[in-house]
Amino acid sequence: MNDYRSGYEYYKRACENFGLEPINFHYYILNLSQEQLDAYNCRATENRGNYVLATS
């Protein structure tokens, strides 16, 4: 979940840079694409081993 949180923080900074209002964290997580979830799962298994894989 920390990776999701760091991704959300990056998203919020990008919104601020463009003068946009970011969506809240809950909606951010709900709107991740399957490609984004797959990338997270790949990174989690490569870097940390035994993580529960995220699914949409």
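1. Accessible areas here come from the Shrake-Rupley method with a 1.4 Å probe. With that in hand, the chain's accessible surface comes to about 4500 Å², and 52% of that belongs to carbon and sulfur atoms. Keep in mind as you read that this is a predicted model.

2. Now the overall layout. You'll find three helices and zero strands, so to speak an α-α-α pattern when you read along the sequence. The chain has 56 residues, and 21% of them count as buried. Looking at contacts with a separation of 6 or more, 32% are between residues 24 or more positions apart.

3. Next, have a look at the largest nonpolar core. Eight residues make it up: Tyr4, Tyr8, Phe25, Tyr28, Leu32, Leu37, Tyr40 and Ala44. Helices α1 (2-17), α2 (25-30) and α3 (34-48) each supply at least two of its residues. Which helix gives the most to this core? That's α3, with three residues.

4. Tyr8 deserves a visit of its own. Is Tyr8 buried or exposed? Its relative accessibility is 7%, and buried means under 20%, so Tyr8 counts as buried. If you leave out residues up to four places away in sequence, Tyr8 touches Ile23, Asn24, Phe25 and Tyr28.

5. On to the aromatic rings. The structure holds five aromatic pairs. Take Tyr8 and Phe25: their ring centres are 5.3 Å apart and their planes sit at 80°, so this pair is edge-to-face. Since Tyr8 lies in helix α1 and Phe25 in helix α2, the pair ties together parts that are 17 residues apart in sequence. Phe25 is buried too, with a relative accessible area of 17%. Zoom out a little and you can pick out one aromatic cluster, formed by Tyr8, Tyr11, Phe25 and Tyr28.

6. Last stop: Arg5, which has its place in helix α1. Why does Arg5 count as partly exposed? Because its relative accessibility is 38%, and partly exposed covers what falls between under 20% and over 50%. The charged end of Arg5 sits over the ring of Phe25, 3.8 Å from the ring's centre. So Phe25, itself buried at 17%, is worth clicking on when you look at Arg5. You can also compare Arg5 with Tyr28: they are 23 residues apart in sequence, and their C-alpha atoms are 9.7 Å apart in space.

How values were computed
Residues numbered from 1 in each chain as written. Predicted model: local features only at pLDDT ≥ 70, side-chain atom pairs only at ≥ 80, totals over all residues. Heavy atoms only, no water. Core = buried A, V, L, I, M, F, W, Y, C linked by side-chain atoms within 4.5 Å. Buried < 20%, exposed > 50% of the residue type's maximum accessible area, 1.4 Å probe, protein only. Helix = DSSP H or I, 4+ residues; strand = E, 2+ residues; numbered from the N terminus. Contact = heavy atoms within 4.5 Å. Phe/Tyr/Trp six-rings, centres within 6.5 Å; stacked < 30°, edge-to-face > 60°. Lys NZ or Arg CZ within 6 Å of the ring centre and 35° of its normal.
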